[in-house]
Amino acid sequence: MPKVTYVDHTGQETQIDVPVGENVMHGAVYNGVEGIAGECGGALSCATCHCYIDDAWTAKVGGPSSDVEEELLENASAEVKPNSRLSCQIEMTEDLDGLVIHMPESQY
């Protein structure tokens, strides 16, 4: 099963197995990882699963998957960076095994 490393704003890492086909947000929420709220449950209607893709993974993950994701990121409470994504829009694949994401200090 592919693994994702969630890095909080202090640098603490939590590695979670996230099944293929599941999104990165659910991996965090279902396993109690602090820093990803996912208030809309992955319905692409909030920005409380904002994350930063680690530089080593940005090319593989790519940018926002839709205009809606881009619009929601514009309203995220934390600084939006070129590597910002909504973790609910990143579906796990075997190719993403080892993915590292960084979480902002706050989602609100």
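**Cysteines, a helix and a sheet**

Student: How far is the sulfur of C46 from the closest cysteine sulfur?
Tutor: The closest cysteine sulfur is in C40. A disulfide is a pair of cysteine sulfur atoms within 2.5 Å. The sulfur of C46 is too far from that of C40 for a bond, at 3.6 Å.

Student: How many disulfides does a search of the whole structure find?
Tutor: This is a predicted model, in which local features need pLDDT of at least 70, side-chain atom pairs count only at pLDDT 80 or more, and totals for chains, interfaces and linings use all residues. Residues are numbered from 1 along each chain as its sequence is written, and side-chain values use heavy atoms, without hydrogens and water. The number of disulfides found in the whole structure is zero.

Student: How far is the nearest cysteine sulfur from that of C51?
Tutor: C51 is in no disulfide. Its nearest cysteine sulfur is that of C49, at 7.1 Å.

Student: Is C51 buried or exposed?
Tutor: Buried means under 20% relative accessible area, exposed over 50%, and partly exposed in between (1.4 Å probe, protein chains only). C51 has 0% relative accessibility. C51 therefore counts as buried.

Student: Which residues are exposed on the other side of helix 3 from its buried ones?
Tutor: Helices (H or I, at least four residues) and strands (E, at least two) are DSSP runs, numbered from the N terminus. In helix 3, residues 67-74, the buried residues are E69, L72 and L73. These three lie on the same side of helix 3, because they cover an arc of only 100 degrees around the axis. On the other side, the exposed residues are D67 and E74.

Key
The arc is that of the directions from the helix axis to the C-beta atoms.
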